[in-house]
Amino acid sequence: MSRQTDDVALLRFYVEAGADEAIADQPVNRLAAKPPAATNIRTQAQKTPAQPRIDRRSELVLGSPDAAEATAREQAAACQTLDALKQAVAAFEGCALRDTATNLVFADGNPEADLMLVGEGPGAEEDRQGLPFVGPSGRLLDRMLAAIGRDRSNAYITNIVPWRPPGNRNPSADETTACLPFTSRHIALVRPKVLVLLGTTAAKTLLGTTQGITRLRGRWHDYSTGRDDNDGQNAIAAMPTYHPAYLLRQPAQKQQAWQDFIAIKLRLDAK
Ligand code: URA
């Protein structure tokens, strides 16, 4: 194999392994232990036996999902506006996805809209632009919205996690749990008439169920806004449907998604 072919094969391997973003000009070996400051080498070694190096920051970020969720819950509850919520999410250190993402992807569209859609998490293009659903699945979503007379001027879009999972993997349970209080508060602040849950992650996370999207889609569910719920009286009508990325892979399922979107339009048009 030529050197060039080797390089291309290596790059392909990196992309498949999820390393598909150049974050800096020079590679950094994060596994290499940092040498102690030169002047201290002798005194440190004499004073204390060698300790394993612990990255306290990642321990803080990754170590306790419960603590992360509790912090998110407290911070989200304090937000009275979407701007405040966006700032709180941007500053939140309880989800390690923030460390690998290029941009926060908070939302797009009209927050006054009666239609709100929630996806899973940003992909590569969304991460680059800082906006949800602007890549290939976003283009399909825009066509689906157009089919019911909607676009981003009269619909509002966000995701379960606001940072891109590396390599487009699914967000982990810890990541969705840590971010859920922000997503819940986001929905409570927008208070749409209709909530569309795009794909398994959004549907399971927001409806608190283990059922898959095939069983959940096509029928209305009550999404509870928690404290504001007034014993279910203020629940929001939620329709789970297939994620556009899934529809790109399985175009035969578009027919069912179209049925869901007709139901969504009828509900939105109802007085
Ligand atoms: N997939 C998602 O779930 N969200 C996006 O923003 C883009 C792709």
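**Reading the ligand site and the cysteines**

In this predicted model, a backbone N or O atom of F133 lies 2.9 Å from an oxygen atom of the ligand.

Q: Which other residues place a backbone N or O atom or a polar side-chain atom by the ligand, and at what distance?
A: A polar contact is a pair of N or O atoms within 3.5 Å. For E120, a backbone N or O atom is 2.7 Å from a ligand oxygen atom. N159 contributes a polar side-chain atom, 2.8 Å from a nitrogen atom of the ligand. Taken alone, the ligand exposes 240 Å², and the protein buries 93% of that.

Q: Which residues are around the ligand, and how many of the shell fall into each class?
A: The surrounding residues are G119, E120, G121, P122, E126, P132, F133, S137, N159 and H243. By class, this shell holds 3 nonpolar, 5 polar and 2 charged residues.

Q: Which pocket does the ligand take up?
A: The ligand occupies the space of the second largest pocket.

Q: How many disulfides does the structure hold?
A: A disulfide is a covalent bond between the sulfur atoms of two cysteines. The structure holds 0 disulfides.

Q: Why is the sulfur of C95 not in a bond with the closest cysteine sulfur, in C179?
A: The cut-off for a disulfide is a pair of cysteine sulfur atoms within 2.5 Å. The sulfur of C95 is 3.9 Å from that of C179, its closest cysteine sulfur, and therefore too far for a bond. Seen from C179, which is in no disulfide, the nearest cysteine sulfur is that of C95.

Q: Is C95 buried or exposed, and is C179 buried or exposed?
A: Buried means under 20% relative accessible area. C95 is buried, at 2%, and C179 is buried, at 2%.

Methods
Residues numbered from 1 in each chain as written. Predicted model: local features only at pLDDT ≥ 70, side-chain atom pairs only at ≥ 80, totals over all residues. Heavy atoms only, no water. Near = heavy atom within 4 Å. Polar contact = N/O pair within 3.5 Å; in protein donor to acceptor, adjacent residues only side chain to side chain. Areas by Shrake-Rupley, 256 points an atom, 1.4 Å probe, with all protein chains shown as cover. 1 Å grid on protein atoms, 1.4 Å probe; cavity = no way out; pocket = protein on both sides within 12 Å on 5 of 7 lines; lining within 4 Å. Sits in = over half its atoms within 2 Å of the grid points. Nonpolar A, V, L, I, M, F, W, Y, C, P; charged D, E, K, R; others polar. Buried < 20%, exposed > 50% of the residue type's maximum accessible area, 1.4 Å probe, protein only.
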